Amino acid sequence: MRLEPFDAYRYYMAIKMHYESDTYDAVKYNYKTSVNQKSFWKRRDKYQFAKIVAKFNEPSELTNFFVAQFTSEKKWVGDMLTDEDTWTQWQKRNQSLSYTFEQDINKLAEKVNSFDELFKPVFSPYPSVVYYLMQEEVSIETVVILDKLTSFTKKLCISDTIVWPEMQKRIQKYSTFVNPDLNKMKKIVLRVFTS
């Protein structure tokens, strides 16, 4: 099935709503939104969606492209098209997810004394793992996987009302799209932190 520019717009809006809304889950609702062709044809950026569809003509590729962009906090479709690096880096991390995770866990193990210390504030009001994410020393995928293993984002009590709520939401919303073999990831954590 060939995708049309409107289909790209529909996926874009679903994933945008997924990241921006507290209640909408794009996967749960099968990327359904209330957008329509009439509103699409009135948009000034409709041609950008035609360019995206020419590049990504499979629904899974298109979804992954938009997820990569929104996870990197790129929200305007024009910026998405001009930034090849975000997409390339996302693909690289996700095609070798267990390798990326293991590399990040090794880095974290060198910086903290124990696994539990990853989830305690050390240098800032944020847990170490979030601090290292903010410093771009570990990937967001690693933080999401650690959250899937421990649910640390739900247990934290951080008084910051500016940075943390957005960071927490970004981690939890991206979690929907990160589906690793958790047993394998748990074994990596155990091997690194118990050796």
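This report looks at the two largest pockets in a predicted model and at the residues that line them.

## The largest pocket

Let's start with the roomiest place to explore. The largest pocket holds about 670 Å³ of space, and 23 residues make up its lining. If you want to find its centre in the viewer, look for R93, E136, V138, S139 and I140, the lining residues that lie nearest to that point.

Several helices share the work of building this wall. At least two lining residues come from each of α6 (84-95), α7 (97-111), α8 (128-134), α9 (140-150) and α11 (163-174). Of the contributors, α7 gives the most, with five residues.

What is the chemical make-up of the lining of the largest pocket, by class? Nine of its residues are charged, eight are polar and six are nonpolar.

## The second largest pocket

Next comes a pocket with a volume of about 180 Å³, the second largest in the model. Its lining is made up of Y19, E20, F70, E73, K75, E166, K169 and R170.

Two helices, α1 (5-20) and α11, each provide at least two residues of this lining. The largest share belongs to α11, which supplies three residues. Charged residues number six here, alongside two nonpolar ones and no polar ones.

## A helix in both linings

One element is worth following from one pocket to the other. Helix α11 (163-174) supplies at least two residues to the lining of the largest pocket, and α11 also gives the second largest pocket the largest share of its lining.

Terms used:
Residues numbered from 1 in each chain as written. Predicted model: local features only at pLDDT ≥ 70, side-chain atom pairs only at ≥ 80, totals over all residues. Heavy atoms only, no water. 1 Å grid on protein atoms, 1.4 Å probe; cavity = no way out; pocket = protein on both sides within 12 Å on 5 of 7 lines; lining within 4 Å. Points joined across faces, edges and corners; volume = space filled by probe spheres on them. Helix = DSSP H or I, 4+ residues; strand = E, 2+ residues; numbered from the N terminus. Nonpolar A, V, L, I, M, F, W, Y, C, P; charged D, E, K, R; others polar.
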